[in-house]
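Here are my notes after a pass through the model you sent over. I have kept them as numbered points so that you can go through them beside your viewer.

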Amino acid sequence: MSPKTNRKMSPVSLAQVVIDDGFWSPRIETNRIKTIPHEYKQCKDTGRIDAFDLTWQSGEEPVPHYFWDSDVAKWIEAASYSLATHPDPELDALLDEVIEKIAGAQQPDGYLNVYFTVVEPDKRWKNLGMWHELYCAGHLIEAAVAHYEVTGKRRLLDVMCRYADYIASVFGPNPDQRCGAPGHEEIELALVLLYRATGNRRYLELSKFFIDQRGQKPSVFQRELEHLSDEDARINRHFFDKKEGFDTSYCQDHLPVREQSEVVGHAVRAMYLYSGMADVAVETGDEELLRACRRLWDNVCRKRMYVTGGIGPSRHNEGFTKDYDLPNETAYAETCAAIGLIFWNQRMLHVDAEARYADIIEKALYNGALSGVSLDGEKFFYVNPLASSGDHHRQEWFGCACCPPNIARLIASLGGYIYSENSADAYIHLYISGQGELEVAGTQLIISQESRYPWDGEIEIKVDPAKAAEFGLNLRLPGWCRQARLWVNGEEMEIPPLLRSGYARILRRWQAGDVVKLDLAMPVERVVAHPNVSQAAGCVALSRGPIVFCLEEADNPVPLHRIVLPRDAELTAVYDKELLGGVVKIQGEALLVDDSDWDGELYRFQAANMRPYSLTAVPYYAWDHRKPGEMRVWIRSL
Ligand code: FUB
Ligand code: ZN
């Protein structure tokens, strides 16, 4: 094996960051006081939490589902992150209570899964392809690590180490062990977190084992089918049996992961797999895995991603189809998939230190992921289409409730995405007001940011090292920004000579009181899609800074497909503090296809007339908060 590929930088942890930001602070507070309690209540009311008491009896309703454990796990993770930035003794005690229940559900051999303990105990590990035991284990491990890191309490961590030890005894390369891999990836990345938290290499090795099992022939998922009843294998066959033969690309098992170049199958599964691959690669110096990650990144980000950062267009497989296939109204674009894209890009960012990954994090964060939660924090989108005829609305919960606690854990941990550090450099990836405490060039360093981002591109950054030191301060120049200016202590700097992989690197001897100003021009932009995206042909999407906009019927009470935006129409950005919690809206003089002279015909030879029309567009993340109606991101253009 090649030598260790250390990450080029490490993220500054959530606990070292204070967010004090006009855009995010209210959302983090809503997440804390509304979303997290709401999700606890849902988990409690639907039986997910008490299911860990293992008192379920045959015939009782509801029957625990085989991925219920993961919903509670993600709630624990979200609540733990929230404690990191906002101590709350009540929440702390509630977490202890839930964790005790989970600990009580652990079996004498270390196994821990509600469904396969009380509902179908004879089916443990029988259907790895579809039955989610390893996925649930992964989420519980992530929860355990988060809870331990934030509170210092080992209860859940110890439980999950026992479970992971048991899993490591069952699965592995030895003759007395099973080959296997999770159908739904997740445990791979979680085991690396567990390895980092405990120093136990066995977890890293198990993660690598699972990663390399995927795609071997014959497939582990094919082999296990031989032992499944027709009834138990029905769901597998639905996804795996194709006209051309057995195909497990649904769970990225079509090829060994090191040979993969195309993102296929279920989108959340794919994102968690690639995150795990990046993690294992970083810890083991496995360049081959990283090369695969970079190829897959090119495919998804250049050919299979919505302008909102949503991914996975198809409802059928909750995932990918083919290059440039990005339908709008039927877009699946699951909230979890956009979040998974963020997780993976966060990892790649630290491997390669290239701003393109942070660009994707930002795009998904402000658009395709954030749309997943309502402004009041108590309703959620599972599916995030880019057009709607008015019948798609956020819901309080779902039978399959993966998305709500996923967005809660992302928002609660946002502080961990802003800064990174290494021995010679500090990095700012996201422009979010507040402070970060870093350690660079042998000194403690406080970086403070102030801005009205994402509504305004002027950012003031104060750099306060405990003692004067030379290091590079790297400021991300977002991919969406075409014109930036930079000043250090009032003196303007030329940016091109400072450019390093999408960051402006200011290398100097920094001292307390130094002030940097960055001005990112934020005009309204018309985005056009690659000519092969048939569903966006002849259209533009409006964006400004990191925000993608959409038309809603609430502002435009006309059929939205009849609004046409001339190429030269002036578009103005206006901040409206009363609208949707305070947003910039875009206004402009467009045209409306007129039907007043159609006289009832369906077809005619003469083109339709157009009349002037003033359009208003609002941020996509905030759609569906007013009177139900049409929505559309891609606007016809002329
Ligand atoms: O299967 C577990 C989760 O539920 C997946 O990540 C989502 O796509 C949904 O299928
Ligand atoms: Zn989901």
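The points below go from the ligand site to the cavities, then to the strands and the backbone.

1. Please keep in mind that this is a predicted model. The values in these notes are computed from it.

2. Let's start with ligand 1 and the residues around it. The surroundings are made up of F67, H132, Y135, H184, H266, V268, E318, E334, Y382, C400 and C402. Sorted by class, this shell holds six nonpolar residues, three polar ones and two charged ones. Tyr and Cys are counted as nonpolar here, so Y135, Y382, C400 and C402 fall on the nonpolar side of that split.

3. Which polar side-chain atoms lie close enough to an oxygen atom of ligand 1 to be worth a look, and at what distance? For H132, a polar side-chain atom is 2.7 Å from a ligand oxygen. In H184, an N or O atom of the side chain is likewise 2.7 Å from an oxygen atom of ligand 1. H266 has a polar side-chain atom at 2.8 Å from an oxygen atom of the ligand. As for cover, ligand 1 on its own has 270 Å² of accessible area, and the protein covers 95% of it.

4. Next, the cavities. How many of 30 Å³ or more does a search of the whole structure find? The search gives three. The largest of them has a volume of about 50 Å³.

5. The lining of that largest cavity consists of H393, E552, E553, A554, W623, D624, R626, K627, P628, G629 and E630. By class, six of the lining residues are charged, three are nonpolar and two are polar. If you are setting up your own view, these residues make a handy selection.

6. Now to the strands. One open sheet has six strands in the order β1-β6-β7-β11-β15-β14, and its pairing is mixed. Its edges are β1 (10-11) and β14 (499-500), each of which pairs on one side only. At the β1 edge, β1 and β6 (residues 419-421) run antiparallel and are joined by two bridges. In that pair, P11 faces S420 of β6.

7. At the other edge, just after β14, there is a backbone detail to check. S501 lies in the loop between β14 and β15 (503-510). This residue is not a glycine, yet its phi is positive, at about 50°.

8. A hairpin is also worth a look. β21 (residues 571-576) and β22 (residues 583-593) pair antiparallel over six bridges, and Y575 stands opposite V584 in β22. Six residues separate the two strands of this hairpin, and L580 in the turn has a positive phi of about 50°.

9. Where are the cis peptide bonds that I would ask you to inspect? One runs from E61 to P62, with omega near -5°. P62 sits in the loop between α1 (24-45) and α2 (68-85). Another is the bond from K217 to P218, which is cis with omega near -5°. The loop that holds P218 connects α8 (201-213) and α9 (220-225).

Key. Residues are numbered from 1 along each chain as its sequence is written. Chains are lettered from A and ligands numbered from 1 in the order in which they are written. This is a predicted model: local features need pLDDT of at least 70, side-chain atom pairs count only at pLDDT 80 or more; totals for chains, interfaces and linings use all residues. Side-chain values use heavy atoms; hydrogens and water are left out. A residue is near a molecule or strand if one of its heavy atoms lies within 4 Å of it. A polar contact is a pair of N or O atoms within 3.5 Å; within protein, one must be able to donate a hydrogen and the other to accept it, and residues adjacent in sequence count only if both atoms are side-chain atoms. Accessible areas come from the Shrake-Rupley method with a 1.4 Å probe; for residues, only the protein chains shown count as cover. On a 1 Å grid over the protein atoms alone, a cavity is a set of points where a 1.4 Å probe fits but cannot get out, and a pocket is an open set with protein on both sides within 12 Å along at least five of seven lines; lining residues have an atom within 4 Å of a point. Grid points are joined across faces, edges and corners, and a volume is the space filled by probe spheres set on the points. Two strands pair if DSSP finds at least two bridges between them. Helices (H or I, at least four residues) and strands (E, at least two) are DSSP runs, numbered from the N terminus.
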